[in-house]
Amino acid sequence: MKSVTRSLRVLEAVAQHQPVTVGELTKLFGLPKSTVQRTLVTLNEAGWLRANRRDTTRWEIGARVLAVRPAALQGSSLFAAAREPMIQLRDAVNETIHLSVPDALQCMVVVDRVDCDHAVRTFHTIGDTSPMHATATGHAILAHLPKSEVDELVAGGLERYGEETITDPAKLRAELARVRDRGYAVNHNQFRPGVCAIAAPVLDSDGTPLATVAVSLPDSRFEPGRLAGLGGLVTGTAAEITARHLG
């Protein structure tokens, strides 16, 4: 049981201090470096932890944790508040609807989905992650974060996923200003080719972004002339979820 308890404590410490080195964890726990390293490797093999992509000497939370989180959220007031408005939005537009939450500045995580009945449609499994700077859901969150947090994200580098990905910091900040002005974000092939989305933030009472609701559709059905209408529907749905959650 000692080893299980130690593993859970290490997992919690990585979640709190990520990305963190073996040396930093060794000082935190007062354990031998070899013991901490062995625990990290075990958690990595199980998918709970992973090496940071930019600095492989540092550790961070892995995809298994991100996949478990949505299941835990299913009993939350946010999840309950979002379900009916998402179904209503799906019925109005007949496209796939996603509810996503941010994992700090690391990524966005899909926590719920309502499918449309098109034979050709976009698909993200519950627990799927995506980069904040290259998605509508990420932009909807970033547009409502303090400048210091956007600066932190930019400082880590903006990876290119396709020709439409915004990798210039000035252009990203300009896009986030547009998102704030109109109330919704648009992804036109920025992350995955052929996949588009329109997303709006679900805000807390102090304006902090908690989640996003998004219409996701294939590029073949993305029509610029429908954008304002879809944006209005998504923004209205996000406002309804906010009201239900806070009410």
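This tour goes through the sheets, the salt bridges, the largest pocket and the cysteines, with a selection to make at each stop.

**Before you start**

The model is a predicted one, in which local features need pLDDT of at least 70 and side-chain atom pairs count only at pLDDT 80 or more, while totals for chains, interfaces and linings use all residues. Residues are numbered from 1 along each chain as its sequence is written, and side-chain values use heavy atoms, with hydrogens and water left out.

**Stop 1: the six-stranded sheet**

Switch to a cartoon view and select residues 185–188, 195–203 and 209–218, which are strand E7, strand E8 and strand E9. Helices (H or I, at least four residues) and strands (E, at least two) are taken as DSSP runs and numbered from the N terminus. These strands belong to an open sheet of six strands, with the order E6-E5-E4-E9-E8-E7 and antiparallel pairing; two strands are said to pair if DSSP finds at least two bridges between them. E6 and E7 stand at the edges with a single partner strand each, so one side of each has no neighbour in the sheet.

Now look along E8 and E9, which pair in the antiparallel sense over nine bridges, and pick Ala200, which has Val213 of E9 opposite. On the other side of E8, four bridges join this strand to E7, again running antiparallel, and here His188 stands opposite Cys196 in E8. The hairpin of E7 and E8 has six residues between the strands, and one of them to select is Asn189, which takes a positive phi near 65 degrees.

**Stop 2: the three-stranded sheet**

Next select residues 20–21, 49–51 and 58–61, which correspond to strand E1, strand E2 and strand E3. They form an open sheet of three strands in the order E1-E3-E2, with antiparallel pairing. E1 and E2 stand at the edges, each with a single partner strand, so one side of each is left free of a neighbour in the sheet. Three bridges join E2 to E3, and Arg50 can be found opposite Glu60 in E3.

**Stop 3: salt bridges**

Stay on E3 and show the side chains of Arg58, Glu24 and Asp55. A salt bridge here is a side-chain nitrogen of Lys or Arg within 4 Å of a carboxyl oxygen of Asp or Glu, and a search of the whole structure finds 13 of them. In the one between Arg58 and Glu24, the closest N and O atoms are 3.3 Å apart. Arg58 lies in strand E3 and Glu24 in helix H2 (residues 22–29), so the pair ties together parts that are 34 residues apart in sequence. Arg58 also forms a salt bridge with Asp55, with 3.5 Å between the closest N and O atoms.

For accessibility, buried means under 20% relative accessible area, exposed over 50%, and partly exposed in between (1.4 Å probe, protein chains only). On that scale Arg58 is partly exposed at 23%, as are Glu24 at 37% and Asp55 at 30%.

Move to helix H7 (147–155) and select Lys147 and Asp151, whose salt bridge has its closest N and O atoms 2.8 Å apart. Both residues lie in this helix, four residues apart, about one turn; Lys147 is exposed at 60%, whereas Asp151 is partly exposed at 24%. Going back to the earlier group, salt bridges that share partners join Glu24, Asp55 and Arg58 into one network.

**Stop 4: the largest pocket**

Select Arg53, Arg54, Leu105, Gln106 and Cys107, which lie nearest the centre of the largest pocket among its 25 lining residues. A pocket is an open set of points, on a 1 Å grid over the protein atoms alone, where a 1.4 Å probe fits and with protein on both sides within 12 Å along at least five of seven lines; lining residues have an atom within 4 Å of a point. About 690 Å³ of space lies in it, a volume being the space filled by probe spheres set on the points. Strand E6 (129–130) and helix H7 each supply at least two lining residues.

**Stop 5: the cysteines**

Keep Cys107 selected: this residue of the pocket lining is buried, at 6% relative accessible area. Then add Cys116, likewise buried at 6%, whose sulfur is 14 Å from the closest cysteine sulfur, in Cys196, too far for a bond. With a disulfide taken as a pair of cysteine sulfur atoms within 2.5 Å, the count comes to zero.
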